[in-house]
Amino acid sequence: MAQMFECRLKAERCGMPKGTTIHVSSNFSTPDSIQIANECERLYGKKARDASYPGYWDIRKL
């Protein structure tokens, strides 16, 4: 069963300001880099995919 996570960017990356928030659904205990990249691209464009490393984000389960 998929869970929803809120991901908040720790520092400015790929044209997104610090504090940018995305919501990612995952079947795992935390979203992986591909799931984060897909949501970043959907919301902010192709360049934002480079901010997909989970360590760039504060991730919490909703």
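## Salt bridges around Glu6 and in helix α1

In this predicted model, the count of salt bridges comes to 4. The description below takes up several of these pairs, beginning with the ones that involve Glu6 and ending with a pair in a helix.

Glu6 belongs to strand β1, which spans residues 3–9, and with a relative accessible area of 13% Glu6 falls under the 20% limit and is therefore buried. Leaving aside residues up to four places away in sequence, Glu6 is in contact with Thr21, Ile22, His23, Asp58, Ile59, Arg60 and Leu62.

Two arginines pair with this glutamate, Arg8 at 3.6 Å and Arg60 at 3.1 Å. The pair of Arg60 and Glu6 joins distant parts of the chain, since Arg60 sits in strand β3 (residues 57–61) and Glu6 in strand β1, 54 residues apart. Arg8 is partly exposed, with a relative accessibility of 37%, and Arg60 is likewise partly exposed, at 47%. Taken together, Glu6, Arg8 and Arg60 form a network of salt bridges.

A further salt bridge joins Arg42 to Glu39, and both residues lie in helix α1 (residues 33–44), where they are 3 residues apart, or about one turn of the helix. Arg42 is exposed, with a relative accessible area of 60%, whereas Glu39 is buried, at 14%.

The table lists the N to O distance for each pair described here.

| Salt bridge | Distance, N to O |
|---|---|
| Glu6 and Arg8 | 3.6 Å |
| Arg60 and Glu6 | 3.1 Å |
| Arg42 and Glu39 | 2.8 Å |

Note on methods:
Residues numbered from 1 in each chain as written. Predicted model: local features only at pLDDT ≥ 70, side-chain atom pairs only at ≥ 80, totals over all residues. Heavy atoms only, no water. Helix = DSSP H or I, 4+ residues; strand = E, 2+ residues; numbered from the N terminus. Buried < 20%, exposed > 50% of the residue type's maximum accessible area, 1.4 Å probe, protein only. Contact = heavy atoms within 4.5 Å. Salt bridge = Lys/Arg side-chain N within 4 Å of Asp/Glu carboxyl O.
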